[in-house]
Amino acid sequence: MSRNQEFRVYLITKRDILRFIVVEIIIGSMTYKLALNLCHNTILAGAGGWACTEGLKRLVKLVG
């Protein structure tokens, strides 16, 4: 057993939680429903919703 023990503290702020809710849940479900209406296929709609959400997160990270 190792004698070097670490104690890690993770801080989750209110801003992180709200950002997760807005980006992942609200925008993700909106893009999923839009893709579902366009292609009428749940697998493609899931992939499209995921791709739009990830693209938006990377765009915000790139710009900001």
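**Helices H1 and H2 and the largest pocket**

Helix H1 bends by about 30 degrees at Gly28. The model in which this bend appears is a predicted one. H1 covers residues 14-39, and its 26 residues should span 38 Å at 1.5 Å a residue; the C-alpha atoms at its ends lie 36 Å apart, which agrees with that expectation. Beyond the helix comes His40, a residue with a positive phi, near 55 degrees.

Four residues of H1 are buried, namely Val23, Gly28, Thr31 and Ala35. The residue at the bend, Gly28, thus belongs to the buried set. The cover over these buried positions includes helix H2, formed by residues 42-63.

The relation between the two helices can be followed through individual residues of H2. Thr53 is located in this helix. With a relative accessible area of 4%, Thr53 falls under the 20% limit and is therefore buried. When neighbours within four places in sequence are set aside, Thr53 is in contact with Val23, Glu24, Ile27, Gly28 and Thr31. Among these partners, Val23, Gly28 and Thr31 are themselves buried residues of H1.

Ala47 also has its place in helix H2. Its relative accessible area is 40%, a value between the limits of 20% and 50%, so Ala47 is classed as partly exposed. From Ala47 to Ala35, the C-alpha to C-alpha distance is 8.9 Å, with a separation of 12 residues in sequence. Ala35, for its part, is one of the buried residues of H1.

The analysis of open space identified a largest pocket with a volume of about 220 Å³. H1 and H2 are the elements that each contribute two or more residues to the lining of this pocket. The lining consists of Arg19, Phe20, Val23, Glu24, Glu54, Leu56, Lys57, Arg58, Val60 and Lys61. The greatest contribution comes from H2, which supplies six residues. In chemical character, the lining comprises six charged and four nonpolar residues, with no polar ones.

Two of the lining residues, Val23 and Glu24, also appear among the contacts of Thr53. Val23 is in addition a buried residue of H1. Val23 therefore recurs in three descriptions: the buried set of H1, the contacts of the buried residue Thr53 and the lining of the largest pocket.

Notes:
Residues are numbered from 1 along each chain as its sequence is written. This is a predicted model: local features need pLDDT of at least 70, side-chain atom pairs count only at pLDDT 80 or more; totals for chains, interfaces and linings use all residues. Side-chain values use heavy atoms; hydrogens and water are left out. The expected span of a helix is 1.5 Å times one less than its number of residues. The bend at a residue is the angle between axes fitted to the seven residues ending there and the seven starting there. Buried means under 20% relative accessible area, exposed over 50%, partly exposed in between (1.4 Å probe, protein chains only). Contact means heavy atoms within 4.5 Å. On a 1 Å grid over the protein atoms alone, a cavity is a set of points where a 1.4 Å probe fits but cannot get out, and a pocket is an open set with protein on both sides within 12 Å along at least five of seven lines; lining residues have an atom within 4 Å of a point. Grid points are joined across faces, edges and corners, and a volume is the space filled by probe spheres set on the points. Ala, Val, Leu, Ile, Met, Phe, Trp, Tyr, Cys and Pro count as nonpolar, Asp, Glu, Lys and Arg as charged, and the others, Gly among them, as polar.
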